[in-house]
Number of protein chains: 4
Amino acid sequence: MKIDPGSHVPIYLQIAAEIRSAVAAEVYRPGEALPSLRNMAIELQVNPNTVQRAYDELVRDGLIYPQRGKGLFVADQGTTSAQNGALDVVRKLFEEGVRAGRAAGVSADQMREIFAASIAAPANRGATSHDQ
Amino acid sequence: MKIDPGSHVPIYLQIAAEIRSAVAAEVYRPGEALPSLRNMAIELQVNPNTVQRAYDELVRDGLIYPQRGKGLFVADQGTTSAQNGALDVVRKLFEEGVRAGRAAGVSADQMREIFAASIAAPANRGATSHDQ
Amino acid sequence: MKIDPGSHVPIYLQIAAEIRSAVAAEVYRPGEALPSLRNMAIELQVNPNTVQRAYDELVRDGLIYPQRGKGLFVADQGTTSAQNGALDVVRKLFEEGVRAGRAAGVSADQMREIFAASIAAPANRGATSHDQ
Amino acid sequence: MKIDPGSHVPIYLQIAAEIRSAVAAEVYRPGEALPSLRNMAIELQVNPNTVQRAYDELVRDGLIYPQRGKGLFVADQGTTSAQNGALDVVRKLFEEGVRAGRAAGVSADQMREIFAASIAAPANRGATSHDQ
DNA sequence: GTGGTCTAGACCACA
DNA sequence: GTGGTCTAGACCACG
């Protein structure tokens, strides 16, 4: 789980997205507790408040829920909900790419080629950091 | 050419991107002049300063160049340069989508399916506005 | 007697309120003993410490009193005191509702209508959980 | 517009509720700008971050929307949406009061009496502060 | 120990 | 000037 402090995307959203992915990939399962705010903050080298904000985001989405004095837990529908969310993100990015390509006159075949290359590439450290 | 004032993407970058696309699609050809700063500002309903920043961006990229007292002109290599830039944008978005999908455990086949749907969809409504 | 762990209202206050209601409704009568701390904790599925705090609250109010080694007993004036307390709670909630309505420009007639609907509704599902 | 720092209700929620009321009562109308974060913070004697959080809440509700570098504006559906929200709040409080009364054995007639007294009382500084 | 709120003060991008 | 993010550090209630 890595954060890019130089990105234009706010850190707290990056964290939220990372956790969402982790929930979708069942790294954290429904009923399980997430790392505590403080531990997560130490691990990610950020301020606990920033992690808090990320967790807030997920709580509002209903992906996780807090239990007073105990911790934050993955909701029952968390896994499927996160998986659906992930599909949405993928779809949005692909659609945006297609849209941008079309606007610039890129042919559908060219785009298919680019996509094939993207998905064929090994997952070896992508860090494509779409923004900045 | 439309701007989304509600997006998280800065307006000046939206404008720059739009112009880049237009140059790539040869709406503006090398040697041609871009709309004047104030005309563009009026058309887009934004502050001239904002258009200025967009033009600055493109000048820095070498896509266009200013001619004292005359206006801004598309550079000779502008078209090809913008086209290459567009390919880069497309590639980045696709790679980002693939990366996000992988992190959430989405299979390659699922992603191929989503992509096929994206590229098959008619270009009617644009503005999928990936970011807010 | 049910507890909502997801509410913003502290569990120990929820418990205290429930017991207060029970005393007011004469489920527990003066001189009678309340369920033991640990039995109550088991029944409510909460930490005994939490029940303890609830009992503390009620002792402070003079609604119940402890008898060394025997348990907690409802005070002589417990029933009437709890009934008065309940009236206060009801009054406070109504006043708060009226105040909030007024601030938002809701007319008195509209509020009367809403109130009539509230009190006419059957007592089936409880737990309207005003707070989260 | 007044804040009670001693309440158990977080300040930022108090502020959000106050603004909601103000929007419902058309103190701020659709298209109008709210007081800036800093000005509001000064007026309420709280930290700008706290006001920010309150505004965030309202933005998420769609009651207001931010415009980069310009300010925060009341949304078109803001007034009606806030009015509906206010009715919900009133309803919830009344229902909660009725529920609490019933649980404690308060008769419907007694509650009607209490309600009548609440709504008959002049709006002269209520400050009934339902919580703490 | 946990999450939640608040302050103080800083820095940034945007218009 | 505006809103938005982040840090540092404090305090609180809860279990």
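## Where chains A and B meet

About 3700 Å² is buried between chain B and chain A, and 71% of that lies on carbon and sulfur atoms; buried area is the accessible area (1.4 Å probe) that two parts lose on being put together, summed over both. This is a predicted model, in which local features need pLDDT of at least 70 and side-chain atom pairs count only at pLDDT 80 or more, while totals for chains, interfaces and linings use all residues. Residues are numbered from 1 along each chain as its sequence is written, chains are lettered from A and ligands numbered from 1 in the order in which they are written, and side-chain values use heavy atoms, with hydrogens and water left out.

The contact (heavy atoms within 4.5 Å) draws 38 residues from chain A and 38 residues from chain B. Zero salt bridges are found across this interface, a salt bridge being a side-chain nitrogen of Lys or Arg within 4 Å of a carboxyl oxygen of Asp or Glu. There are, however, four residue pairs in polar contact, both residues at pLDDT 80 or more. A polar contact is a pair of N or O atoms within 3.5 Å; within protein, one must be able to donate a hydrogen and the other to accept it, and residues adjacent in sequence count only if both atoms are side-chain atoms.

## What chain B brings

On the side of chain B that touches chain A, helix 4 of chain B provides the largest share, 17 residues. Helices (H or I, at least four residues) and strands (E, at least two) are DSSP runs, numbered from the N terminus. By type, this side of chain B has 22 nonpolar, nine polar and seven charged residues; Ala, Val, Leu, Ile, Met, Phe, Trp, Tyr, Cys and Pro count as nonpolar, Asp, Glu, Lys and Arg as charged, and the others, Gly among them, as polar.

## Around DNA strand E

Now to the DNA. DNA strand E is surrounded by 26 residues, and the closest are P10(B), I11(D), N49(D), T50(D) and R68(D); a residue is near a strand if one of its heavy atoms lies within 4 Å of it. Sugar and phosphate make up 66% of the atoms of DNA strand E that come within 4 Å of the protein. Helix 3 of chain D gives the most to this surface, with three residues.

Several side chains reach phosphate oxygens of DNA strand E. Among them, Q52(A) has a polar side-chain atom 2.8 Å from one, and S36(A) has a side-chain N or O atom 3.0 Å from one. For Y12(D), the distance from a polar side-chain atom to a phosphate oxygen is 3.3 Å.
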